[in-house]
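Biologist: I would like a close look at a single part of this model, taken slowly and with the terms explained along the way.

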Amino acid sequence: SQCLHYGQELFEGMKVQSGPDGRIFAFRPYDNARRLNRGAAYMCGPELPEELFVRGIEEVAAANHPYVPPHGSGAALYVRPFYIGIDDNVGVKPARSYVFRVFVTPVGPYFKGGFGPDQGKDFMVSRLDRAAPAGSGNVKAGGNYACSFTPGREARDSGFVEALYLDPREHRFIEEIGAANFLGFRDGSLITPDSTSILPSITRISLLEIAEKIFGWTTEERKIALEEL
């Protein structure tokens with residue numbers, strides 16, 4: 001299958017949570033559907049109808065309603081939609097057949113005890129690149145994550161919490177952290193890197209919107225030199 005031999009595989013990650021009135025909510029699922037379809041186009045697979053994607057989220061959340069953690073617990077039902085090419089084939093070409101499925105699992109906070117320098121944790125600037133300048137770094141493909149295992153292990157073995165990646169062309173500008181997009185705060189502005197080789201995070205986009213529209217902060221998407229950190 002192409003998903004096993006050539007990495008023709010995409011996935012999304014999102015959460016379903018309980019509201020104070022007991023209803024359950026998914027966070028911006030249509031944005032996940034659009035991001036998956038951008039990846040499908042890059043990998044030469046067919047697009048998935050957005051309504052089908054969201055219906056899958058709704059059906060799996062309803063079927064697992066008893067496992068959605070209660071409001072205020074800090075936990076959530078993690079949702080993993082995935083999309084794989086499945087032809088029996090050893091030629092390097094796109095699959096003709098695809099599977100789209102969704103599974104779920106209850107989870108606690110992603111970063112237990114917080115995440116970042118203000119929690120007394122430090123990052124190690126990695127000697128390795130996460131993605132190529134004009135490669136698939138902006139696609140949520142499984143292979144991108146396998147490439148992060150070695151940098152992450154090197155960081156943790158050296159006593160750091162996670163790897164920090166620089167841009168693959170010049171190794172001067174901050175790209176992202178191994179487990180998340182990068183956001184910084186300086187001189188009253190919320191700042192995030194401007195790069196075509198990092199994942200377009202729905203969380204990051206949402207934080208920038210909240211900062212600007214609700215809190216009135218200045219936001220910047222620009223190159224961030226390492227020495228600024």
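Biologist: How many bridges join E11 to E12, and do the two run parallel or antiparallel?

Modeller: This is a predicted model, in which local features need pLDDT of at least 70 and side-chain atom pairs count only at pLDDT 80 or more, while totals for chains, interfaces and linings use all residues. Residues are numbered from 1 along each chain as its sequence is written, and side-chain values use heavy atoms, with hydrogens and water left out.

E11 and E12 run parallel and are joined by 5 bridges, with Pro-193 standing opposite Arg-222 in E12; strands here are DSSP runs of E of at least two residues, and helices are runs of H or I of at least four, numbered from the N terminus, and two strands count as paired if DSSP finds at least two bridges between them. On its other pairing, E11 (residues 189-193) meets E10 in the antiparallel sense over 3 bridges, where Phe-185 stands opposite Leu-190 and Arg-186 opposite Ser-189. E10 and E11 form a hairpin with 2 residues between them, and Asp-187 in that turn has a positive phi of about 50°.

The three strands thus make an open, mixed sheet in the order E10-E11-E12. Strands E10 (184-186) and E12 (218-222) stand at its edges with a single partner strand each, so one side of each is left without a neighbour in the sheet. As for E11, 5 of its 5 residues are buried (under 20% relative accessible area, with a 1.4 Å probe and protein chains only): Ser-189, Ile-191 and Pro-193 on one side, and Leu-190 and Thr-192 on the other.

Key. Buried means under 20% relative accessible area, exposed over 50%, partly exposed in between (1.4 Å probe, protein chains only).
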